[in-house]
Amino acid sequence: MENAQTVLITGATSGIGKATAELLAEHRFNLILCGRRQERLNMLQDHLGKKTNVHTLNFDVREKEAVFKSIQNLPTSFSQIDILINNAGNAHGLDTIDEGSLDDWDAMLDINVKGLLYVSKAVVPKMVERRSGHIINIGSTAGKEVYPKGNVYCASKHAVDAINQGMRLDLNAYGIRVGAINPGLVETEFSDVRFKGDVDRAEKVYQGFQALKPQDIADIIHFTITRPYHVNIADLVVMPTAQASSTIVKKEL
Ligand code: NDP
Ligand code: 8X3
């Protein structure tokens with residue numbers, strides 16, 4: 001079970017985060033896996049704990065006290081976080097700006113932007129003290145362009161893009177690597193969450209073309225964190241071949 005590096009992944013209970021946890025467990029990274037669904041955390045602990053050292057943390061990234069308490073009280077064997085993967089996030093709703101829900105807007109900005117900042121603030125100062133670390137921010141093509149009805153979700157991912165650039169500037173002096181991976185359409189629970197359990201509507205998003213799989217992004221994350229120290233993947237955009245932009249997807253139906 002030996003591996004020198006400990007990786008903290010937010011949003012490890014589903015989709016991109018879960019696929020990344022599974023792949024990194026194969027490669028024997030020590031894993032701190034975070035999410036809110038305890039039964040899924042238990043399953044990850046049971047399943048991946050057979051392959052590597054796993055510690056799970058249950059907190060909502062919006063609850064700053066819980067974020068800090070959880071990360072500050074890690075057992076000694078997990079207390080040095082070498083790699084932070086800021087992945088937790090989601091979209092809530094798909095509405096024009098005049099029709100959007102205030103609760104949806106709060107959720108997206110609180111989770112995707114402020115939650116990412118809280119977790120980073122709990123982890124990064126120790127990286128600065130040690131003069132080492134690697135941060136991967138999961139952005140989106142929605143952080144590079146805005147699509148109709150995407151308004152606030154796109155704003156939250158544009159903020160991730162800005163934070164990624166800001167972190168890289170501020171942490172450069174300490175030799176800490178910072179980069180964003182910005183996927184296009186990946187088939188996960190993302191659209192189930194966005195459409196609040198309307199499974200038919202969620203499935204339609206990925207019909208008629210080959211969407212990315214969460215494992216595709218996990219592969220890229222693994223590639224990114226295993227480059228030699230002088231190589232930093234600073235900002236990577238990855239889309240399905242069928243996708244040209246947020247609004248242009250070549251469908252076969
Ligand atoms: P999923 O819905 O499958 O996974 C989201 C993860 O985030 C879950 O593990 C969930 O865990 C966690 N999470 C959500 N809200 C909170 C919260 N308040 N506190 C703590 N954890 C939370 O979606 P994806 O895997 O697709 O999404 C992962 C990231 O990838 C997101 O940042 C998303 O914006 C981004 N992305 C997704 C794309 C896609 O097409 N799917 C494309 C581009 C970017 P739990 O519910 O247990 O807390
Ligand atoms: C998720 C990709 O295009 O559904 O960030 O917003 S998209």
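**Note on a predicted model: loops, core and helix packing**

1. P148 counts as exposed, because only those residues with 12 or fewer other C-beta atoms within 10 Å are exposed, and P148 has 10 C-beta neighbours inside 10 Å. By the same definition, a residue is buried with 20 or more such atoms and partly exposed in between, the C-beta atoms being placed from the backbone. P148 is found in the loop between β5 (134–138) and α5 (151–171). Helices (H or I, at least four residues) and strands (E, at least two) are DSSP runs, numbered from the N terminus. From C-alpha to C-alpha, P148 and I97 are 9.4 Å apart in space, with their positions 51 residues apart in sequence.

2. On the basis of this note: the model is predicted, so that local features need pLDDT of at least 70 and side-chain atom pairs count only at pLDDT 80 or more, whereas totals for chains, interfaces and linings use all residues. Residues are numbered from 1 along each chain as its sequence is written, while chains are lettered from A and ligands numbered from 1 in the order in which they are written.

3. K149 also belongs to the loop between β5 and α5. Its phi is near 70°, a positive value in a residue other than glycine. K149 is partly exposed, with 15 other C-beta atoms within 10 Å.

4. R28 is not a glycine, yet its phi is positive, at about 65°. This residue lies in the loop between α1 and β2 (30–35). R28 is partly exposed, since 15 other C-beta atoms lie within 10 Å.

5. Y229 is placed in the loop between α8 and β7 (235–238). With 9 C-beta neighbours inside 10 Å, Y229 is exposed. Y229 and I97 are 132 residues apart along the chain, and their C-alpha atoms are separated by 43 Å.

6. The largest nonpolar core has 61 residues, and I9, A21, L31 and L33 have the most contacts inside it. Such a core is a set of buried Ala, Val, Leu, Ile, Met, Phe, Trp, Tyr and Cys residues joined through C-beta atoms within 7 Å. Helix α4 (residues 102–130) gives the most to this core, namely nine residues. Leaving aside residues up to four places away in sequence, L33 touches I9, A12, A21, L41, L44, V54 and T56; contact requires C-beta atoms, placed from the backbone, within 7 Å.

7. Two packed helices are described by the angle between their axes and the distance between the axes. For helix α1 (residues 15–26) and helix α8 (residues 214–225), the axes come within 8 Å and cross at roughly 55°. Axes are lines fitted to C-alpha atoms, for helices over the stretch in contact, and angles run from 0 to 180 degrees between N-to-C directions. The crossing makes α1 oblique to α8; angles under 35 degrees count as roughly parallel, over 145 as roughly antiparallel, 65 to 115 as roughly perpendicular and the rest as oblique. By class, this contact has eight nonpolar, four polar and one charged residues. Ala, Val, Leu, Ile, Met, Phe, Trp, Tyr, Cys and Pro count as nonpolar, Asp, Glu, Lys and Arg as charged, and the others, Gly among them, as polar.

8. The axes of α4 and α5 come within 9 Å and cross at roughly 10°, so α4 and α5 are roughly parallel to each other. Residues of α4 in the contact include W105, M108 and L109, and those of α5 include V152, Y153 and S156. The contact of α4 with α5 has 11 nonpolar, two polar and one charged residues.

Conventions: Contact = placed C-beta atoms within 7 Å.
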